[in-house]
Amino acid sequence: MSEELKKDEEKKGLLSRLKEGMDDKEEQLAILSTFVRLGILVWSGGILTLAYIKLPPALGIPEQKLDPTFIASVFTGVLATFGVQTTKKNGGANGGISKADLQKLIEAASQTAPAQTIRIEQAPLVFQTKDGEPPVKPTV
């Protein structure tokens, strides 16, 4: 009987062992979501790395020209789900401008120019046919 139990344990994979160890469905979903986020983090980190390094020609992989902006936003978004936030080198997360400084700038701008005038100019539109062609009559 003990040999059968050992064979059953050997046949079980990693996921089935984890599932047996956790009885709560919410805990299982939390671990699954963590693995999914880690997968996305590794994928986006790999793509970003490939965007900035030049691979040796011996590998035979052609150089890809891509815009890493979307991948970088995915990377920082996944990092934020783990509690990691990016900041600028010179200060806070808003580029070094505090809320009080921003309010002072808005107040100073409103005092120097309390009103703004926008003027839109447009030439008159003229609809005409080409020379020699009869005007088009609408059909009903």
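Leu66 is partly exposed, with a relative accessible area of 42%, the class lying between buried (under 20%) and exposed (over 50%) for a 1.4 Å probe and protein chains only. In this predicted model, local features require pLDDT of at least 70 and side-chain atom pairs pLDDT 80 or more, whereas totals for chains, interfaces and linings use all residues. Residues are numbered from 1 along each chain as its sequence is written, and side-chain values use heavy atoms, with hydrogens and water left out. Leu66 is placed in the loop between H3 and helix H4 (69-81). The C-alpha atoms of Leu66 and Leu48 are 9.7 Å apart in space, with a sequence separation of 18 residues.

The protein contains five helices and zero strands, in the order α-α-α-α-α from the N terminus; these elements are DSSP runs numbered from the N terminus, helices being H or I of at least four residues and strands E of at least two. Of its 140 residues, 7% count as buried. About 13,200 Å² is exposed by the protein, 60% of it supplied by carbon and sulfur atoms, as computed by the Shrake-Rupley method with a 1.4 Å probe, where for residues only the protein chains shown count as cover. Among contacts (heavy atoms within 4.5 Å) with a separation of 6 or more, 50% are made by residues 24 or more positions apart.

Helix H3 (residues 25-52) includes Leu29, which is exposed at a relative accessible area of 56%. Leu29 joins Leu32, Val36, Ile40 and Trp43 in a nonpolar surface patch with about 480 Å² of accessible area together. Such a patch comprises residues with over 30% relative accessible area and no salt bridge, nonpolar side chains (Val, Leu, Ile, Met, Phe, Trp, Tyr) being joined within 5 Å and like charges within 9 Å; a salt bridge places a side-chain nitrogen of Lys or Arg within 4 Å of a carboxyl oxygen of Asp or Glu.

Ser44 also lies in helix H3 but is buried, at 0% relative accessibility. Beyond its neighbours within four places in sequence, Ser44 contacts Ile71, Val74 and Phe75.

Arg37 lies over the face of Phe82, 4.4 Å from the ring centre; the criterion is NZ of Lys or CZ of Arg within 6 Å of the ring centre and within 35 degrees of the ring normal.
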